[in-house]
Number of protein chains: 2
Amino acid sequence: MQYSIGIDIGGTNSVMGIVDKQGIIVFEASISTKDFLDINDFIEAIYIKLSPEIDRLGIEHFKGIGIGAPNGNYYNGSIEFAPNLMWKGIIPLAKLFNEKFKLVSLVTNDANAAAIGEMMYGAAKGMNDFIMVTLGTGVGSGFVANGKMIYGHDGFAGELGHTIAVRDGRLCGCGRKGCLETYTSATSIVRTAHEFMKNSTDESILRHITDLSAKHIYEAAVQQDKLALDIFDFTGKILGQSLADAVAITSPEAIILFGGLAQAGRYIFEPTKKYLEDNLLIIYKNKIKLLPSELKESDVAILGAAALVWN
Amino acid sequence: MQYSIGIDIGGTNSVMGIVDKQGIIVFEASISTKDFLDINDFIEAIYIKLSPEIDRLGIEHFKGIGIGAPNGNYYNGSIEFAPNLMWKGIIPLAKLFNEKFKLVSLVTNDANAAAIGEMMYGAAKGMNDFIMVTLGTGVGSGFVANGKMIYGHDGFAGELGHTIAVRDGRLCGCGRKGCLETYTSATSIVRTAHEFMKNSTDESILRHITDLSAKHIYEAAVQQDKLALDIFDFTGKILGQSLADAVAITSPEAIILFGGLAQAGRYIFEPTKKYLEDNLLIIYKNKIKLLPSELKESDVAILGAAALVWN
């Protein structure tokens, strides 16, 4: 039996798994990314979780470690200037993991890893052209064309979250203004909620919640709270508009939405689909599938990251 | 000796050439696209230009016809809803050429054909990841990633000209508003000039020209006419902003500008480069080459279209 390790580093949590070649996750664990100011402590914490299992299964059966991380670079194995992580500058992630685990370590963008997972085991199985969009703490994306992940000349392709959705719009963690991520991440929809509450006098369930989260907005929408529905409509509008522009570049068979905000189901899918269609150039209309991920949130990133090693 | 025919259909003019396998154009001709309201008359006119040469060289030496056309679809050989052509709806171009010439006929987007030409013989030689942008009557583009043209699932990828540069901006031929094409085509810069003249009282050479063209604006810029320089600055700003978003998707080694407006040289390249860099996410800064085409304007499209047949 052969195994690979898949690790998905998110802005909030990081998940890890030991995966066999059939895509079965035989061991899974997670840690809070935000607890570790020093990258070495973070790697140590992952090592403590995984090493008993590696020893138990025998390190000689392990093919390597695949890591999905925000701004992860496939070519040089680093994370560079990731706005949603506390480790600043260039972090030689693959090198650090390799030194600690003595296993081949490969890095990619967390959204690219999710795209690979979805292509191998999920909603994009059999597709040669699709876009994976992750709506989590940030907004990530993975573009697949001609059956291959687009890494770009330097390994940094697929930053749809940092295309400008609103010119001179909201300030982004990246230092620029109006990035898609500042409107359509699970964090940003809360920002939208606060704006909407300030700019309207409508009664809403949301006004009675302290420490508002995306989940609260979803729950209010389920109860047909008008303000919550308006917030999803606005978020879907911004997302649909940006996706329409992305379609004009790669003309995908499908766009797969994934991550915290995608779990709002029809409350985010319906407005996104409507505004996507409204904004598409005629040649693309009524052709592009907008699909939810078919894999468990945590699994897809682990499977995708682990799949880096098999390739 | 083997030959292929390359035809580039533009909104204004169409050029055609007979090309050998080394990329030498052994015969070249052109016709005015706008003179032909009926697609069959257009094909007849091309046939009249080419058939004596085909007969002279011997049709048995011809491998086929490659056609680059706005909204040309590689997969089904049609042009569909091309906003800059007079032939509306779906035109089965490959089928019509095949019936007329009795030669295998392949179609692609004119900008994709230019990208293939540039990759085989020009500024993108040896590059696996680049973007070709054509600034002609319209704005077209061809995206190459992993060494392959991105056609998308339906053959319609690469419509950067129809991504939204200015939300609710200028009305586009496609029926939507604010498309990049409405600001950065050779036609649109004239529209910008008229706007700038209306909204300012600055003296300018341009005020004394009737039937203003992109070339006049270029010539005025060469003479340091402030209004003309402002027009190029504005055009470069819009183009640079949109290119920054495109870079975030495919992270290309280079962007190659081509077509009428690209011939304005530093007057368009300098502001475009400045605003591109200003708008790039930090991980892409100072990495992306902005290059002029290295091939003769008419040749690149012919060579690219002809190269469709060799592949």
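This passage describes the chain arrangement, nonpolar core, surface patch and salt bridges of a predicted model.

Chain B superposes on chain A with an RMSD of 0.0 Å after a turn of 180 degrees and a shift of 0.0 Å along the axis, which is the relation of a two-fold axis. Of the interface residues of chain B, 98% are also interface residues in chain A, so the copies meet through the same surface.

The largest nonpolar core holds 111 residues, and the members that touch the most others are A:Ile217, A:Ile255, B:Ile217 and B:Ile255. Residues up to four places away in sequence aside, the contacts of B:Ile255 include B:Ile131, B:Val133, B:Leu243, B:Leu276 and B:Lys289. At the surface, A:Phe81, A:Ile90 and B:Ile282 make a nonpolar patch of about 270 Å². A:Phe81 lies in the loop between β5 (79–80) and β6 (90–91) of chain A and is partly exposed, at 36% relative accessible area.

Over all chains, 25 salt bridges are counted. B:Lys289 pairs with B:Glu253 in one of 2.9 Å, N to O. This pair links distant parts of the chain, 36 residues apart: B:Glu253 is in the loop between α7 (226–250) and β11 (254–258), and B:Lys289 in strand β12 (residues 289–292). Both are partly exposed, B:Glu253 at 22% and B:Lys289 at 37%.

Within helix α1 (residues 39–57) of chain B, B:Glu53 and B:Arg56 are three residues apart, about one helical turn, and their side chains form a salt bridge of 2.9 Å, N to O. B:Glu53 is buried, at 16% relative accessibility, whereas B:Arg56 is exposed, at 58%.

Definitions and conventions: Residues are numbered from 1 along each chain as its sequence is written. Chains are lettered from A and ligands numbered from 1 in the order in which they are written. This is a predicted model: local features need pLDDT of at least 70, side-chain atom pairs count only at pLDDT 80 or more; totals for chains, interfaces and linings use all residues. Side-chain values use heavy atoms; hydrogens and water are left out. Copies are superposed by least squares on the C-alpha atoms of residues with pLDDT of at least 70 in both. Contact means heavy atoms within 4.5 Å. A nonpolar core is a set of buried Ala, Val, Leu, Ile, Met, Phe, Trp, Tyr and Cys residues joined through side-chain atoms within 4.5 Å. Buried means under 20% relative accessible area, exposed over 50%, partly exposed in between (1.4 Å probe, protein chains only). Patches are made of residues with over 30% relative accessible area and no salt bridge: like charges are joined within 9 Å, nonpolar side chains (Val, Leu, Ile, Met, Phe, Trp, Tyr) within 5 Å. Accessible areas come from the Shrake-Rupley method with a 1.4 Å probe; for residues, only the protein chains shown count as cover. A salt bridge is a side-chain nitrogen of Lys or Arg within 4 Å of a carboxyl oxygen of Asp or Glu. Helices (H or I, at least four residues) and strands (E, at least two) are DSSP runs, numbered from the N terminus.
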